[in-house]
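Here's a model to poke at, with a few questions about how its labels are earned. Have a look, then let's go through the reasoning.

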Amino acid sequence: FSPHIWFTALSLMLINLNSFLWTIRRDPPAYLFGTIHVPYTRVWDFVPQNSKAAFQASSSVYFELDLTNPSTISGLANCQLLPHGENLQDVLPQDLYHRLKRHLEYVRLMLPHWMTPDQRGKGLYADYLFNAIAGNWERKRPVWVMLMVNSLTETDVRSRGVPVLDLHLAQEAERMKKGTGAVERVEEQCHPLNGLNFSQVLFALNQTLLQHESLRAGSWQAPYTTEDLIKHYNCGDLNAVIFNHDSSQLPNFINTTLPPHEQVTAQEIDRYFRQELIYKRNERMGKRVMALLRENTDKSFFFAFGAGSQINSMVPFSVLLLL
């Protein structure tokens with residue numbers, strides 16, 4: 001079997017059942033389920049029974065990363081930090097740094113108004129929430145600050161405090177005493193982001209701030225929101241454009257208003273992340289899935305991976321044909 005020969009999709013089954021579940025044909029069966037990185041309460045009631053039954057029936061549940069493992073969380077935090085004790089102010093152009101600081105001050109000011117009554121009822125405070133999302137931001141690499149800025153919107157803040165779907169499944173698997181594991185290592189998720197060259201990082205952070213500054217001014221509207229993502233997921237819509245927003249968690253920098261040389265930079269960044277975060281990653285994960293299935297022929301598996309990376313793969317990551 002060659003991992004380059006990706007698999008025949010049961011597209012009609014997928015769409016008719018309004019499900020992001022693919023079957024891996026073996027005995028016992030195994031499953032691949034496409035998740036979404038939003039609070040599970042926003043989508044769980046729409047996950048079809050066939051997906052829930054497959055989860056219940058599987059003895060082992062595998063994720064991209066083990067988000068219940070403290071060393072995974074620690075590793076993700078450490079890989080975001082600037083090396084050699086540097087601070088963001090030391091590496092960013094002064095104007096960009098001050099714009100970033102002003103935007104974060106705006107977010108801190110708005111947080112009490114963005115929070116939900118339910119969040120307050122659980123004892124969450126605005127300062128706690130800000131520190132949970134943006135704490136230690138001055139020590140982070142600019143590319144991770146860019147992602148942080150994108151998670152500091154009213155919609156995303158209002159969803160804090162509820163596990164995302166992946167984490168909910170991991171917690172349920174542990175509660176049901178299923179075997180759990182991961183097919184990726186922390187450094188494999190970190191290195192592609194940290195590998196973007198510095199001029200591209202500065203371009204990306206600047207564009208991100210411009211978008212959020214325009215949102216604040218009311219002169220720009222994001223083409224795809226988290227609400228759009230949830231709606232398409234709940235409807236079982238395999239819209240690659242929408243789901244790319246979730247899979248990479250990166251803003252779309254390519255637009256016709258950019259001058260030609262900036263459009264080139266935006267396209268280079270898009271190609272780099274598509275190659276590193278989708279194509280290479282899918283191939284690596286596919287090989288590890290195959291190895292697990294071959295080494296554990298008597299076990300039933302449920303693989304829960306982000307739907308975006310599967311849908312955006314050049315070849316669908318769907319039904320595995322074990323030859």
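Q: Why is M115 called buried?
A: In this predicted model, M115 has a relative accessible area of 4%. The cut-off for buried is under 20%, so M115 gets the label.

Q: Where does M115 sit, and what is it in contact with?
A: M115 is in the loop between α5 (94-114) and α6 (117-121). Leaving aside its neighbours within four places in sequence, M115 is in contact with R120, L124, Y125, A126, L129 and R158. Contact here means heavy atoms within 4.5 Å. As for E154, which is 39 residues away along the chain, its C-alpha atom is separated from that of M115 by 8.0 Å.

Q: How much of the protein chain counts as buried?
A: Of its 323 residues, 47% do. What the chain exposes comes to about 15700 Å², and carbon and sulfur atoms supply 53% of that.

Q: What makes α8 and α11 roughly perpendicular?
A: The axes of α8 (residues 142-150) and α11 (residues 186-194) cross at roughly 100°. The window for roughly perpendicular is 65 to 115 degrees, so that's what this pair is called. Their axes come within 9 Å.

Q: Which residues make that contact, and what classes are they?
A: From α8 it's V143, W144 and L147, and from α11 it's C190, L193 and N194. By class, the contact has five nonpolar residues, one polar and no charged ones. Val, Trp, Leu and Cys count as nonpolar, and Asn falls among the polar rest.

Q: Why are β1 and β4 described as standing at the edges?
A: The open sheet has five strands in the order β1-β2-β5-β3-β4, with mixed pairing. β1 (21-24) and β4 (179-182) each have a single partner strand, so one side of each is left without a neighbour in the sheet. On average, neighbouring strands of this sheet are turned by 20° against each other, direction ignored.

Q: How do you know that β3 and β5 pair?
A: Pairing takes at least two bridges, and four bridges join β3 (residues 60-63) to β5 (residues 301-306). The two strands run parallel, and V61 stands opposite F302 in β5.

Q: What angle does α15 make with β5, and which strands does this helix lie across?
A: Helix α15 (residues 260-295) lies across β1, β2 (30-35), β3 and β5, and runs at about 170° to β5. Over 145 degrees counts as roughly antiparallel, so α15 and β5 fit that label.

How values were computed. Residues numbered from 1 in each chain as written. Predicted model: local features only at pLDDT ≥ 70, side-chain atom pairs only at ≥ 80, totals over all residues. Heavy atoms only, no water. Axes fitted to C-alpha atoms, helices over the stretch in contact; angles between N-to-C directions. Parallel < 35°, antiparallel > 145°, perpendicular 65-115°, else oblique. Buried < 20%, exposed > 50% of the residue type's maximum accessible area, 1.4 Å probe, protein only. Areas by Shrake-Rupley, 256 points an atom, 1.4 Å probe, with all protein chains shown as cover.
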